[in-house]
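Visitor: I'm new here and I like to know the reasons behind the labels. Could you walk me through this one?

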Amino acid sequence: MQERGVRVTPQRAHIWRVLVESGEHFTADEVWERVKNALPGLELSTVYRSLEALRTAGLVAESRLPEGPRMFEARPRIHPHLVCDGCGRIFHPDPEVGRRMFEALDADSGGFEVRELHVMVRGLCAECAGQGKDKAES
Ligand SMILES: [Zn+2]
Ligand SMILES: [Zn+2]
């Protein structure tokens, strides 16, 4: 964290650890639920500020589903999301896919400096496709 120029506070270190260890996407509320026992008196607004500091340092990525709240996770800023219409789960393709997207944009966007990439792909996961599940059924 220090390497990225983030001032390390106990809150930030704890929030970062929760995100890394879970490997999941959390809203700020969900992060708060998970850290408030370990950090008594912690306010939701502090969680937001900590997430913002981690995001600015590139340690945390923020993304948003079309109808959803802001979500945070400990992953690089450039990673596509695959959202299943059947079960609503979020998947990540091989990190190589994100890297190739980034390289293609970087090479062909006329000098535009790409810093973040939010890609949301909708479809059916292998499990739901196998069960013939679709939105039309629900
Ligand atoms: Zn993600
Ligand atoms: Zn699914």
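Guide: Happy to. Let's start with a hairpin: five residues take the chain from β1 to β2 there. Keep in mind that this is a predicted model.

Visitor: What makes β1 and β2 a pair of strands?

Guide: Two strands need at least two bridges between them to count as paired. Strand β1 (residues 61–64) and strand β2 (residues 70–73) have four bridges and run in the antiparallel sense, so by the cut-off of at least two bridges they pair. Within the pair, glutamate 62 faces phenylalanine 72 of β2.

Visitor: Which strands form the open sheet, and in what order?

Guide: The order is β4-β3-β5, three strands with mixed pairing. At the edges are β4 (90–91) and β5 (120–123), and each has a single partner strand, so one side of each lacks a neighbour in the sheet. Strand β3 (residues 81–84) meets β4 in the antiparallel sense over two bridges. One bridge partnership there joins valine 83 to isoleucine 90 in β4.

Visitor: How many helices and strands are there in the protein?

Guide: Five helices and five strands. Read from the N terminus, the elements go α-α-α-β-β-β-β-α-β-α. The C-alpha trace spans about 45 × 45 × 25 Å along its principal axes.

Visitor: Why is the site of the zinc ion (ligand 2) called tetrahedral?

Guide: Four donors earn that word if all angles lie between 85 and 135 degrees. Here the four donor atoms make angles of 101 to 120 degrees, so the tetrahedral label holds. The donors are Cys84 (SG), Cys87 (SG), Cys125 (SG) and Cys128 (SG), at 2.2 to 2.3 Å from the zinc ion (ligand 2). Along the sequence their spacing is C-x2-C-x37-C-x2-C. Two of these donors, cysteine 125 and cysteine 128, are buried.

Visitor: And what makes the site of the zinc ion (ligand 1) irregular?

Guide: Six donors count as octahedral if opposite donors are over 155 degrees apart and all others between 65 and 115. The six donor atoms of the zinc ion (ligand 1) give angles of 55 to 170 degrees. An angle of 55 degrees fits neither range, so the site is called irregular.

Visitor: Which atoms coordinate the zinc ion (ligand 1)?

Guide: His25 (NE2), His79 (NE2), His81 (NE2) and His92 (NE2) do, along with Glu73, which is listed with OE twice, at 2.0 to 2.6 Å. Histidine 25 comes from the loop between α1 (10–22) and α2 (28–35), while histidine 81 comes from strand β3, so this pair ties together parts 56 residues apart in sequence. Histidine 25 and histidine 81 are both buried. The spacing of the donors along the chain is H-x47-E-x5-H-x1-H-x10-H.

Visitor: How do you know whether threonine 27 is buried or exposed?

Guide: The cut-off for buried is under 20% relative accessible area. Threonine 27 has 15% relative accessibility, so it counts as buried. Threonine 27 belongs to the loop between α1 and α2. Beyond its neighbours within four places in sequence, threonine 27 is in contact with Pro69, Arg70, Met71 and Phe72.

Visitor: Why is histidine 14 called buried?

Guide: Its relative accessibility is 18%, so histidine 14 counts as buried. Histidine 14 is part of helix α1. Not counting residues up to four places away in sequence, histidine 14 touches Val35, Ala38 and Leu39. The C-alpha atoms of histidine 14 and leucine 39 are 8.5 Å apart, though 25 residues separate the two along the chain.

Visitor: What about arginine 12: buried or exposed?

Guide: Buried, because arginine 12 has 16% relative accessibility. Arginine 12 also lies in helix α1. Leaving out residues up to four places away in sequence, arginine 12 touches Met1, Val6, Arg7, Ser50, Ala53 and Leu54. In the protein as a whole, buried residues make up 33% of the 138 residues.

Visitor: How do you know that lysine 36 lies over the face of tryptophan 32?

Guide: The charge has to be within 6 Å of the ring centre and within 35 degrees of the ring normal. Lysine 36 is at 4.4 Å from the ring centre of tryptophan 32, so the distance part of the test is met.

Visitor: How many aromatic pairs does a search of the whole structure find?

Guide: Zero.

Key:
Residues are numbered from 1 along each chain as its sequence is written. Chains are lettered from A and ligands numbered from 1 in the order in which they are written. This is a predicted model: local features need pLDDT of at least 70, side-chain atom pairs count only at pLDDT 80 or more; totals for chains, interfaces and linings use all residues. Side-chain values use heavy atoms; hydrogens and water are left out. Rings of Phe, Tyr and Trp (its six-membered ring) pair if their centres lie within 6.5 Å; planes under 30 degrees apart count as stacked, over 60 as edge-to-face and the rest as tilted. Donors are N, O and S atoms within 2.8 Å of the metal (3.2 Å for Na, K and Ca); water is not among the atoms, so sites may look incomplete. Buried means under 20% relative accessible area, exposed over 50%, partly exposed in between (1.4 Å probe, protein chains only). Contact means heavy atoms within 4.5 Å.
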